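Trainee: Please give me a close look at a single part of this model, namely the largest pocket and the elements that line it.

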Amino acid sequence: MDYVLPLRWADDSGLDELTAYLGSLRRHVRVIVVDGSATPLFERHAAAWRGLAEHVRPAPDLRFANGKVNGVITGLRLARAEHVIIADDDVRYDRHTLARMDALLAGADLVRPQNHFTHLPWHALWDTARTLLNRCVGADYPGTFGLRRSFVERMGGGYDGDVLFENLELIRTVRAHGGRELRPLDLYVRRLPPDAARFWDQRVRQAYDDLAQPVRMAVFLSVLPAVAACLLRRRYAALAAGAALTVALAETGRRRAGGRHVFPAAAALCAPIWVLERATCSWLALAASVRGGVPYAGRKLGRAAHSVRRLRRDLRRQRDQGLDQQPQHVGRSPGQAGRSGSLAALNPAALCDPSQNGFTDDNPHRHNATVARPAGMNSPS
């Protein structure tokens with residue numbers, strides 16, 4: 001099994017810890033680190049990780065606005081194993097979770113595990129409420145996935161990287177191509193929490209991801225008007241009932257698939273706070289969409305993710321026209337619409353040359369479990 005780790009760091013404060021983790025990984029998987037850090041950091045990483053991982057720059061032909069996708073696709077091009085894990089730099093697998101992922105990929109094209117924080121400062125506890133609510137109604141968006149390499153090849157080698165919620169884009173691209181997705185709620189993979197500054201920085205970006213899920217967005221947009229109406233009419237019992245219902249839903253998510261062993265009960269109590277935060281940020285995200293999108297890497301990204309219907313329509317159109325077996329944007333950077341994005345059609349050796357392309361203009365993809373990340377694997381919503 002291969003393990004692809006895309007990253008771009010602005011500092012090396014976590015270098016020793018990550019190096020130790022890579023050392024433990026290499027006993028079980030082949031590790032590919034796609035590093036978009038500035039040259040001094042890249043060279044330091046190369047020295048620290050020599051013998052632990054294949055350490056490369058993002059492929060120079062990939063110029064997606066979301067730099068993490070450049071790193072993921074580069075790593076998938078270099079992968080040789082059928083089963084591939086892609087993971088943010090704050091995700092921490094162990095021997096058991098690696099083996100479980102490997103086994104599940106025998107019967108699926110994409111496996112979507114469940115992240116949980118290794119420890120819980122206040123903002124991580126707050127954000128865990130989001131995880132619990134997602135688990136109650138379906139599944140959470142993790143910072144890591146398992147993929148079958150042969151299926152990625154049939155997809156054309158990748159997915160659109162000009163969207164903010166690249167994790168959802170990957171999931172929907174797999175679905176559009178008829179892939180089988182597994183969502184094992186009991187496959188718990190540890191994740192390091194971000195610092196508080198990173199947490200606050202990503203509030204509106206996470207809410208912006210919900211524009212790709214209109215029903216969800218509509219629910220959150222309705223929260224503040226409903227709360228205001230209850231306050232004006234002094235219907236405090238209704239507010240209390242709403243808060244209690246939110247806690248109950250979060251607790252339901254906590255109890256699914258043995259979640260009580262990894263999620264503290266206090267996280268469910270934070271659910272009403274998280275809902276109010278998301279409701280507020282949803283209005284800010286809507287305002288940002290009217291202005292053209294949210295700032296990212298020196299530009300604005302206006303689209304959160306494409307719908308499965310749109311992806312399937314593009315795929316059918318391409319096939320009907322006798323072109324590549326993929327939508328024009330999948331697996332390609334801007335300006336690459338006329339060439340195949342197939343992994344098999346590329347020369348992996350050419351991708352090992354140092355390059356300043358790819359992540360150079362992106363914000364660091366570090367500790368972004370609260371981003372809907374892209375940051376890292378950006379943006380759990």
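Mentor: Axes are lines fitted to C-alpha atoms, for helices over the stretch in contact, and angles run from 0 to 180 degrees between N-to-C directions. The model is predicted, so to speak of local features requires pLDDT of at least 70 and side-chain atom pairs count only at pLDDT 80 or more, whereas totals for chains, interfaces and linings use all residues. Residues are numbered from 1 along each chain as its sequence is written, and side-chain values use heavy atoms, with hydrogens and water left out.

The largest pocket (on a 1 Å grid over the protein atoms alone, an open set of points where a 1.4 Å probe fits, with protein on both sides within 12 Å along at least five of seven lines) has a volume of about 850 Å³, taken as the space filled by probe spheres set on the points. Its lining (residues with an atom within 4 Å of a point) comprises 28 residues, and Val219, Phe220, Val223, Thr246 and Val275 are the closest to the centre. Two or more lining residues come from each of the helices H5 (122–137), H10 (214–232), H11 (236–255) and H13 (271–290); helices are DSSP runs of H or I with at least four residues, and strands are runs of E with at least two. H10 gives the most, eight residues. By class, the lining holds 19 nonpolar, six polar and three charged residues (Ala, Val, Leu, Ile, Met, Phe, Trp, Tyr, Cys and Pro are nonpolar; Asp, Glu, Lys and Arg are charged; the others, Gly among them, are polar).

H11 meets two of the other lining helices. The axes of H11 and H13 come within 8 Å and cross at roughly 105 degrees, which means that H11 is roughly perpendicular to H13 (65 to 115 degrees). In this contact (heavy atoms within 4.5 Å), Ala243, Thr246, Val247 and Ala250 of H11 meet Ala271, Pro272 and Val275 of H13. Six of these residues are nonpolar, one is polar and none is charged.

The axes of H5 and H11 come within 7 Å and cross at roughly 75 degrees, and H5 is therefore roughly perpendicular to H11. Leu132, Leu133, Arg135 and Cys136 of H5 meet Thr246, Leu249, Ala250, Thr252, Gly253 and Arg254 of H11; five residues of this contact are nonpolar, three polar and two charged.

H5 also lies across strands S7 and S10, at about 155 degrees to S7. Those strands belong to an open sheet of three strands with mixed pairing (at least two DSSP bridges between two strands), in the order S5-S10-S7.

Note on methods. Angles under 35 degrees count as roughly parallel, over 145 as roughly antiparallel, 65 to 115 as roughly perpendicular and the rest as oblique.
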